[in-house]
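Here is a short set of exercises to work through with the model open beside you. Try each task before reading its solution.

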Amino acid sequence: MKGGKSKADTSKKADSRLSTKRKGSEKATKTAKKAKAGKDPNRPKRPPSAFFVFMEEFRKQFKEKNPNNKLVSVVGKAGGDKWKSLSEAEKAPYVAKANKLKSEYTKNIAAYNNKMSEGPHSRGDEEEESDKSKSEVNDEDDEGSEEEEDEDE
């Protein structure tokens, strides 16, 4: 082994590269979790597109024709093929319904945003509730400590 590298040296380098990659991926997932904000369950849901309005109806029809089919992928593929084959005139009722749902959504989201911008009034209520819960928790802690004292005797 004149001046050459041994197999042990190269495997150590490979191991250190792997461990570095693992550390980097762990950091990336931790930061992604921290950056992600919680979703508000009261926020209105986005409306479905014309295709998804079509798929609601198509799934029912497909299920009636093929009751033994258990695969979602088959239904999706058949629905996509059918949607592509439809003419603009045949798609028009689904597009109209999707536009109607979208206009309702825009009204609902505007109302939701106005409600959220008036935050100080609603946040005050939340603070009062949290204070109440804190006092209830403290009461429970006090009761628990008395029970522990009784057990010690």
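## Exercise 1: What α2 packs against

The buried residues of α2 pack against two helices, α3 (72–85) and α4 (88–117). Here helices are DSSP runs of H or I with at least four residues, strands are E runs of at least two, and both are numbered from the N terminus. Buried means under 20% relative accessible area, exposed over 50%, and partly exposed in between (1.4 Å probe, protein chains only). This is a predicted model, in which local features need pLDDT of at least 70, side-chain atom pairs count only at pLDDT 80 or more, and totals for chains, interfaces and linings use all residues. Residues are numbered from 1 along each chain as its sequence is written, and side-chain values use heavy atoms, with hydrogens and water left out.

Task: find which residues of α2 are buried, and compare the reach of the helix with the expected span.

Solution.
- Step 1. Helix α2 covers residues 50–65, which is 16 residues.
- Step 2. From first C-alpha to last, α2 reaches 23 Å, close to the 22 Å expected; the expected span is 1.5 Å times one less than the number of residues.
- Step 3. The buried residues in α2 are Ala-50, Val-53, Phe-54, Met-55, Phe-58 and Phe-62.

## Exercise 2: The rings around Trp-83

Task: classify the ring pair of Phe-51 and Trp-83, then do the same for Phe-54 and Trp-83.

Solution.
- Step 1. Start with the rule: rings of Phe, Tyr and Trp (its six-membered ring) pair if their centres lie within 6.5 Å, and planes under 30 degrees apart are stacked, over 60 edge-to-face and the rest tilted.
- Step 2. Searching the whole structure gives 8 aromatic pairs.
- Step 3. For Phe-51 and Trp-83, the ring centres are 5.8 Å apart and the planes stand at 75°, so this pair is edge-to-face.
- Step 4. Phe-51 belongs to helix α2 and Trp-83 to helix α3, so the pair ties together parts 32 residues apart in sequence.
- Step 5. Phe-51 counts as partly exposed because its relative accessibility is 23%, whereas Trp-83, at 14%, counts as buried.
- Step 6. The rings of Phe-54 and Trp-83 have centres 5.2 Å apart and planes at 45°, so they form a tilted pair.
- Step 7. This pair also links helix α2 to helix α3, so it ties together parts 29 residues apart in sequence.
- Step 8. Now widen the view: Phe-51, Phe-52, Phe-54, Phe-58, Phe-62, Trp-83 and Tyr-94 form one aromatic cluster.

Which residues does Trp-83 contact, leaving aside its neighbours within four places in sequence? With contact meaning heavy atoms within 4.5 Å, they are Ala-50, Phe-51, Phe-54, Lys-91 and Tyr-94.

## Exercise 3: The largest nonpolar core

Task: list the members of the largest nonpolar core and find which element gives the largest share.

Solution.
- Step 1. A nonpolar core is a set of buried Ala, Val, Leu, Ile, Met, Phe, Trp, Tyr and Cys residues joined through side-chain atoms within 4.5 Å.
- Step 2. The largest one has 11 residues: Ala-50, Val-53, Phe-54, Met-55, Phe-58, Phe-62, Val-75, Trp-83, Leu-86, Tyr-94 and Ala-98.
- Step 3. Two or more residues of this core come from each of α2, α3 and α4.
- Step 4. The largest share is that of α2, with 6 residues.

## Exercise 4: The whole chain and its confidence

Task: describe the overall make-up of the protein, then say where confidence is lowest and where it is highest.

Solution.
- Step 1. The protein has 5 helices and 0 strands, in the order α-α-α-α-α along the sequence.
- Step 2. Of its 153 residues, 12% are buried.
- Step 3. Of the contacts between residues at least 6 apart in sequence, 71% join residues at least 24 apart.
- Step 4. The mean pLDDT (the predictor's confidence in each residue, from 0 to 100) is 75, and 54% of residues reach 70 or more.
- Step 5. Confidence is lowest in helix α5 (residues 119–152), with a mean of 51, and highest in α4, with 95.
- Step 6. Across residues 122–131 the pLDDT falls below 50, and this stretch has 0 contacts in the model beyond near neighbours in sequence.
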